[in-house]
Amino acid sequence: MCNDYEQHIRWAEYCDLMQALKLGIPTHQNELDLPQADDIRVNDMAPVMRAAGNQIELSPMNFSFQPSGRGGPVFNFRSEGRHFAASKRCLIPATAFFEFTGKKYPKTKHRFALIGAPFLAIAGIWREGQGNHPASFAMLTTMPGPDVEPYHNRQVVVLRPENWAAWIYLTKLEAELLQPLSGGSLTVDTVRAGID
């Protein structure tokens with residue numbers, strides 16, 4: 001599943017889209033709250049978008065929940081059949097996410113980006129920090145849409161900008177929001193060939 005994504009959103013693009021959506025930007029935030037990265041992987045710190053009163057703020061969090069037993073960190077969270085009204089909901093801003101195919105390392109790396117938008121947002125949930133562990137987030141997943149299905153049997157939930165507020169404030173049903181996009185919504189580029 002998706003354990004790697006890219007964040008090259010320009011601050012001006014972010015501000016323009018947030019203002020167009022009437023989501024607000026806290027006055028104390030600036031481009032330093034949206035650091036760029038070629039690859040954000042599990043256990044990296046990255047900005048997420050979360051509710052802060054009647055605005056959406058960018059907050060740095062760890063990509064993955066701490067293991068609750070002998071398992072590894074939780075970075076993807078299955079969305080089907082679940083309700084998130086009691087969860088802390090967030091959006092993970094990204095210019096693209098990556099999926100990998102093949103059985104040997106290095107695997108073939110595929111880049112997925114949203115057509116018709118300067119960047120995309122992945123539906124997520126977040127948890128407060130505990131002890132010396134910072135606040136953390138995980139991406140929600142669903143069945144793959146036509147663009148992702150040839151590469152993986154699951155995909156992260158990519159929300160179109162018009163549904164960002166609906167997810168943050170949960171003004172629509174989860175089953176309506178947490179769906180794969182229709183075919184032709186994502187560009188797909190192979191950015192690294194694997195060895196098999």
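**Exercise 1.** Which elements are included in what covers the buried residues of helix 1? Work it out on this predicted model.

*Solution.* Start with the helix itself, which spans residues 11-20. Its buried residues are W11, Y14, C15, L17 and M18. A general point helps here: an α-helix has 3.6 residues a turn, so residues three or four places apart point the same way. Now look at what sits over those buried residues: the cover includes strand 3, strand 4 and helix 2 (164-169). While you're there, step just past the end of helix 1, where K22 takes a positive phi of about 60 degrees.

**Exercise 2.** How do strand 3 and strand 4 run, and how many bridges join them?

*Solution.* Find strand 3 at residues 45-52 and strand 4 at residues 55-63. The two run antiparallel, with 8 bridges joining them. To check the register, pick P47: P60 in strand 4 stands opposite. Then follow the chain round the turn. The strands make a hairpin with 2 residues between them, and G53 in that turn has a positive phi of about 70 degrees.

**Exercise 3.** Is R50 buried or exposed, and which side chain does R50 join through a polar contact?

*Solution.* First place R50: it belongs to strand 3. Next, take its relative accessible area, 17%. The cut-off for buried is under 20%, so R50 counts as buried. For the partner, go to E57, whose side chain is joined to that of R50 by a polar contact of 2.7 Å. Finally, list the company R50 keeps beyond four places in sequence: Q55, I56, E57, S59, M61, R89, W126 and I168.

Notes:
Residues numbered from 1 in each chain as written. Predicted model: local features only at pLDDT ≥ 70, side-chain atom pairs only at ≥ 80, totals over all residues. Heavy atoms only, no water. Helix = DSSP H or I, 4+ residues; strand = E, 2+ residues; numbered from the N terminus. Buried < 20%, exposed > 50% of the residue type's maximum accessible area, 1.4 Å probe, protein only. Polar contact = N/O pair within 3.5 Å; in protein donor to acceptor, adjacent residues only side chain to side chain. Pairing = 2+ DSSP bridges. Contact = heavy atoms within 4.5 Å.
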